[in-house]
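Trainee: I should like to understand how the terms used for a protein model are justified. May we go through some of them together?

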Amino acid sequence: MDTTGSPTVSVGGTQTSPSTAGLAVLVRGLERSYGDVKAVRGVDLAVVRGEVFAFLGPNGAGKTTTVEILAGYRHRDAGKVSVLGVDPARADRAWRARIGIVCQETALDEYLTVGETLSMFARYYPSPRPLGELLAMCGLSDLAKRRVGVLSGGQRRRLDVAVTLVGRPELLFLDEPTTGFDVAARRAAWDLIRQLRDAGTTIFLTTHNLEEAEALADRVAVIVGGRIVGEGKPSELATLMGRYRISFTIDRPGETPPVGHPDADGRWSLAAEDPREPLKCLVDWALAAGVELADLEVRRPTLEEIYLTLTGAATAGDQRSPARAEEHAS
Ligand SMILES: Nc1ncnc2c1ncn2[C@@H]1O[C@H](COP(=O)(O)OP(=O)(O)OP(=O)(O)O)[C@@H](O)[C@H]1O
């Protein structure tokens, strides 16, 4: 844990100055305000080419603002940004063709069919993916002749992803890609994301679904109130909370075990770098006192527990400012 007073915890080594070679995204000291609202306050990020990078944070934390700056849709107030070696503020059409972005809402012509929509987008790119391949990748083969306006929410989302993949992007920004998906569609989307990653696509994934981040991400960064509060591999982030969680119940409520803290349900728990010493202490005590340790569990913290620790009270409230003026840089 960082003891210097800075809230940022880096276990992935990207807080030092990495060379830009091999990086799809490098951000240093990024800032952006909307009037009095400081949405992004000195964000540093590095995304390695070919990885799935998950960007996590509560509502209003600054995720969309950051992604829109990286994708060249919003200007910044301060900081350095390099995306595929180019400053998005000075990006041209050739650079845009190398980037894909799937937002929470996309505007498509409701009267076109799925196939017509994808064929239309294909005309914008020098080397588009063949229609059949694209439909199969996104689970849309049976829906090619269906009109966009009658697609279900999950089907529409798959079409949004397909539209972004037409141009074979090197870097794909996915904002909440599986919102509204049923379990089967979510698994298929995860397979697609892994397939794209295996083919060399860098994926910048914004999600509230921690199971999704845990299943897919090579590294995660957690943003709260416009600042990065933790980043690293999901397994490395576990060190923030002690590498292991030990929890148990005791059959005699009046007794106090030598280690752990009780929670509201009467379950005792503690975090430990090395569980052997506290376990020995606990078992010795239980044997001497004749207390039974029920449900004794030793495990690594889940990403959800790490996330809740990092975001703290911020997860309890939506920090979104009430007046959200429509503002786009380009
Ligand atoms: N166009 C805007 N005008 C004014 N304030 C804005 C604007 N866009 C964002 N904000 C504010 O900036 C802060 C960060 O918003 P942002 O949309 O980047 O967060 P987020 O992490 O993507 O949130 P969510 O998970 O809810 O989508 C919030 O307080 C939000 O209200």
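Mentor: Certainly; please keep in mind that this is a predicted model. Let us begin with strand β3 and its bridges: in strand β8, the bridge partner of L56 is V222.

Trainee: How many bridges join β3 to β8, and which residue is the bridge partner of F53 in β7?

Mentor: Four bridges join β3 to β8, residues 219-224, and these strands run parallel. DSSP must find at least two bridges for two strands to count as paired, so four bridges satisfy the criterion for β3 and β8. Strand β7, residues 202-206, is also joined to β3 by four bridges and runs parallel to it. There, F53 has F204 as its bridge partner.

Trainee: Why is β3 called largely enclosed by the rest of the structure?

Mentor: A residue is buried if 20 or more other C-beta atoms lie within 10 Å of its own. Five of the five residues of β3, residues 52-56, are buried, so the strand is largely enclosed. V52, A54 and L56 point one way, F53 and F55 the other way, and all are buried.

Trainee: What makes helices α3 and α5 roughly parallel?

Mentor: Their axes cross at roughly 25°. Angles under 35 degrees count as roughly parallel, and therefore α3 and α5 are described in that way. The axes come within 9 Å, and the crossing is right-handed.

Trainee: Which residues of α3 and α5 meet?

Mentor: V114, T117, L118 and F121 in α3 meet L159, A162 and V163 in α5. The residues of this contact comprise six nonpolar, one polar and no charged.

Notes:
Residues numbered from 1 in each chain as written. Predicted model: local features only at pLDDT ≥ 70, side-chain atom pairs only at ≥ 80, totals over all residues. Buried ≥ 20, exposed ≤ 12 C-beta atoms within 10 Å, placed from the backbone. Helix = DSSP H or I, 4+ residues; strand = E, 2+ residues; numbered from the N terminus. Axes fitted to C-alpha atoms, helices over the stretch in contact; angles between N-to-C directions. Parallel < 35°, antiparallel > 145°, perpendicular 65-115°, else oblique. Left-handed = near helix turned anticlockwise from the far one by under 90°. Contact = placed C-beta atoms within 7 Å. Nonpolar A, V, L, I, M, F, W, Y, C, P; charged D, E, K, R; others polar.
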